[in-house]
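Visitor: Could you pick one part of this model and walk me through it up close? I'd like to know what it sits against and how it is packed.

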Amino acid sequence: MSISTSTVIDQPAVFHVSGDHDHHPENGTLIGFWLYIMTDCLVFATLFATYGVVGGAFAGGPSPATLFELPTVAINTAMLLLSSITYGFAMLAMVRDRRQQTLAWLAITGLFGLVFVGLELKEFAHFIDVGAGPQRSAFLSAFFALVGTHGLHVTLGIIWLGVLMVQVAQRGLGPEAQRRLMCLSMFWHFLDVVWIGVFSFVYLIGVVR
């Protein structure tokens, strides 16, 4: 019996890789979100650099030492730091598949976030009332851009948190919910780190300068 050479060549080669090399969608999601965090780092780095360059250009207007109220800013900072801790407790409850505890800790995290945003809006309103709006000087323009961008991120994080709470309440802590909670965890802690930079670089140094 003979085998045609063309028949052998025409047969497609099929390879199957199994085991630990199988693709997991959650890995792609987390890697993609890490890339987003990196691009957000560039955004905030640009805003920090801008503030560093023009932060001393008061144009005869108010300076950080006359505007900033460190006790209020310290309370606001504590709210965000506590929200990161409570989110960590939510993640621990998620790993243990305790839905009600997860929802409770997420709700507390959201409340801390709302207080943070509320105090920040109150600070902005006070500055504008005393004539220290973003159009007053380059310093204030850079300040409102940096702090406002961070506050907008926190606001979006709170909305995202609320959506996830509804999903967890309705569908439980399945793989998709856990993956989304992990992404929000990275986002929330990232904002916490950025705020520590804002508190140190903008508020503390601004008052001492």
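**A close look at Thr-102 and its helix**

Guide: Let's start with Thr-102, which is buried in this predicted model: its relative accessible area is 1%, and the cut-off for calling a residue buried is under 20%. Setting aside neighbours within four places in sequence, Thr-102 is in contact with Ala-90, Ala-93, Met-94, Leu-173 and Leu-181.

Now zoom out a bit. Thr-102 belongs to helix H5, which covers residues 99-129. H5 has 31 residues, so at 1.5 Å a residue it should span 45 Å, and its end C-alpha atoms are indeed 45 Å apart.

Thr-102 has buried company along H5, including Leu-103, Leu-106, Thr-109, Gly-110 and Gly-113. Further on in the list of buried residues you'll find Phe-116, Val-117, Phe-124 and Phe-127, as well as Glu-120 and Glu-123. What do the buried residues of H5 pack against? Their partners are helix H3 (64-67), helix H4 (70-95), H6 and helix H7 (175-208).

Take H6, residues 138-171, as the partner to look at in detail. H5 and H6 pack with their axes 9 Å apart, at an angle of about 155 degrees. Angles over 145 degrees count as roughly antiparallel, so that is how H5 and H6 run relative to each other. Their crossing is left-handed. As for what makes up the contact of H5 with H6, its residues divide into 18 nonpolar, 7 polar and 4 charged.

One last stop: just after H5 comes Gly-131, with a positive phi of about 80 degrees.

How values were computed:
Residues numbered from 1 in each chain as written. Predicted model: local features only at pLDDT ≥ 70, side-chain atom pairs only at ≥ 80, totals over all residues. Heavy atoms only, no water. Helix = DSSP H or I, 4+ residues; strand = E, 2+ residues; numbered from the N terminus. Buried < 20%, exposed > 50% of the residue type's maximum accessible area, 1.4 Å probe, protein only. Contact = heavy atoms within 4.5 Å. Axes fitted to C-alpha atoms, helices over the stretch in contact; angles between N-to-C directions. Parallel < 35°, antiparallel > 145°, perpendicular 65-115°, else oblique. Left-handed = near helix turned anticlockwise from the far one by under 90°. Nonpolar A, V, L, I, M, F, W, Y, C, P; charged D, E, K, R; others polar. Expected span 1.5 Å × (residues − 1).
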